[in-house]
Amino acid sequence: MPNTTTSISRRTFAKLLGAGAACAVASPRIARAGSLRSGVAAARSAAGSNSAANIVRLSANENPYGPSPMAIKAMTEAFSLSCRYPDEHADVLIESLARINGVGRDQILIADGSGEILKLCAAAFTGPMSTTANRPVDLAPRSRGGAMPAFMPGRGKMIVADPTFEAILNHARVNRAEVVQVPLTASFAHDLTKMLAAASEGLIYICNPNNPTASITPKNQIRELLTKTLRETIILVDEAYHHYADSADYESVIPLVKDHSNLIVARTFSKIFGMAGLRLGYCVAQPETIQRLRPHQTWDSVNIMAMVAAIASLNDADQVTNGHRLNSETKKFVLGELEAMGFKSIPSQANFIMIDVKRPMRPMLEGLRQQGVQVGRLFPALPNHMRVTIGKKPEMEAFLSSFRQVAGIV
Ligand SMILES: Cc1ncc(COP(=O)(O)O)c(C=O)c1O
């Protein structure tokens, strides 16, 4: 069986795990960042380093190649601006995002990661259906950014796929909303017919590509859902992994926002732009829909470093192209190795894969953890599947070597 990684010795494996040791400090988080930054050369030179700090982090779907060099330069130059509120930078970033997405400035809301967008949507559009909780609330005007719109508390159910990215379920539950989980179809798409049937006002959350399955929901099905859904029900399409998707069956729904006042599309700078630690996301929707989100948001929730990095990244044509290419190449390598071992994955349109490990995955998760390899958590709807982020090739070689051991393959 042709297999480049079966020949990796324990010593080489230790070196691979040591990839981040040169950058390691007391905090394992920083050590992980070091391991993500390093390449094959650093992996080789790190032999004999502190093994406790040598963690291969393939658990959070981060971009191992980091932010654009232009973003790092822009941040370095912006340190002295940290004493200022980021008004002008917000204007420039919103202008850029509006232009790139072909929408008006009033159709963009920037946030503290796309996670904040999910929270705002849950707050604005889900909640108990009781009438007493639904009285309008008066709000103070902001010192910048104009008057606050009239505000009504959210109401209605949260409809999600199972499994999907779980953060928004928590936000809805905190909001005392009913959460309905609809299993994915046999092809791991969202079951939009059943999701629509379960909806009443509230919010339908579509994660496309979906986390944790890396699968897509075909574009024609989402278009059909949009035409069938009543305006009172908001549809949030989370496109966090948009830049990794290249299937002919996938499309971004941002161009459809103009026709649907109940459509919100979330995007993040955490994935292909490599800015997970900086925290920046945004959404695109019609102006009135954006206005309904604003009252729930902390004023100035996005920091100036994230903004300058994002503005610079959008000007770096290579960031997306290289990120997509490197992810595809390494993903292909890993899938080939797994296939040779007899393991299949759900077809991936993202920077991670969901492997069918053909047995309860929790003991394997623990086995990998003991070897310093972190993979995705257990997803109860798919107990025999393991979610693994596509890191750099040396990291994936380290993963494959450990995977062989915990799977009992010699
Ligand atoms: C589908 C999805 N949406 C949103 C997020 C949140 O991303 P962030 O808050 O970093 O933009 C993640 C993070 O992994 C995700 O997988």
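Two residues are in contact if their C-beta atoms, placed from the backbone, lie within 7 Å. This is a predicted model: local features need pLDDT of at least 70, side-chain atom pairs count only at pLDDT 80 or more, and totals for chains, interfaces and linings use all residues. Residue numbers start from 1 along each chain, following its sequence as written. Helices (H or I, at least four residues) and strands (E, at least two) are DSSP runs, numbered from the N terminus. Axes are lines fitted to C-alpha atoms, for helices over the stretch in contact, and angles run from 0 to 180 degrees between N-to-C directions.

**Exercise 1. The seven-strand sheet**

Task: find the strand order of the open sheet of seven strands, and say why β2 and β4 each have a side without a neighbour.

Solution.
- Step 1: use the pairing rule. Two strands pair if DSSP finds at least two bridges between them.
- Step 2: read the order. It is β2-β8-β7-β6-β5-β3-β4, with mixed pairing.
- Step 3: look at the edges. β2 (108-111) and β4 (179-183) each have a single partner strand, so one side of each is left without a neighbour in the sheet.
- Step 4: add the twist. Neighbouring strands of this sheet are turned by 25° against each other on average, direction ignored.
- Step 5: check two pairs. Strands β6 (residues 234-238) and β7 (residues 263-268) run parallel and are joined by four bridges. There, I235 stands opposite L263 of β7. β3 and β4 also run parallel, with five bridges. In that pair A161 faces V182 of β4.

**Exercise 2. Helices on the sheet**

Task: which strands do helices α5 and α6 meet?

Solution.
- Step 1: take α5 (residues 87-101). This helix lies across β2 and β8 (281-284), and runs at about 125° to β2.
- Step 2: take α6. This helix packs on the sheet and touches β2, β3 (158-162), β5 (203-207), β6, β7 and β8. The direction of α6 makes about 155° with that of β7.
- Step 3: follow the chain through α7. β3, α7 and β4 make a right-handed β-α-β unit (with the strands pointing away from the viewer, the path from the first strand over the helix to the second runs clockwise).

**Exercise 3. Two helix crossings**

Task: what is the handedness of the α6 and α7 crossing, and of the α5 and α11 crossing?

Solution.
- Step 1: fix the rule. A crossing is left-handed if the near helix is turned anticlockwise from the far one by less than a right angle, and right-handed if clockwise.
- Step 2: take α6 (residues 114-125) and α7 (residues 167-174). Their axes come within 9 Å and cross at roughly 35°. This crossing is right-handed.
- Step 3: name the residues. G115, L118, K119, A122 and A123 of α6 meet A167, I168, H171 and A172 of α7. Six are nonpolar, two polar and one charged. Here Ala, Val, Leu, Ile, Met, Phe, Trp, Tyr, Cys and Pro count as nonpolar, Asp, Glu, Lys and Arg as charged, and the others, Gly among them, as polar.
- Step 4: take α5 and α11 (residues 304-314). Their axes come within 9 Å and cross at roughly 35°. α5 passes α11 in a left-handed crossing.
- Step 5: sort this contact. Residues of α5 including V92, L93 and I100 meet residues of α11 including M307, V308 and L314. The contact has ten nonpolar, two polar and no charged residues.

**Exercise 4. The ligand shell**

Task: which of the 13 residues around the ligand come nearest?

Solution.
- Step 1: set the limit. A residue is near a molecule if its C-beta atom, placed from the backbone, lies within 6 Å of it.
- Step 2: name them. G113, S114, G115, T268 and S270 come nearest.
- Step 3: count by class. The shell has four nonpolar, eight polar and one charged residues.

**Exercise 5. Backbone exceptions**

Task: which peptide bonds, one to P163 and one to P212, are cis or trans, and where do these prolines lie?

Solution.
- Step 1: recall the background. Most residues other than glycine have a negative phi, and most peptide bonds are trans.
- Step 2: take P163. The bond from D162 to P163 is cis, with omega near 0°. P163 is in the loop between β3 and α7.
- Step 3: take P212. The bond from N211 to P212 is cis, with omega near 25°. P212 is in the loop between β5 and α9 (219-228).
- Step 4: add A214. This residue is not a glycine, yet has a positive phi of about 65°. A214 is found in the loop between β5 and α9.
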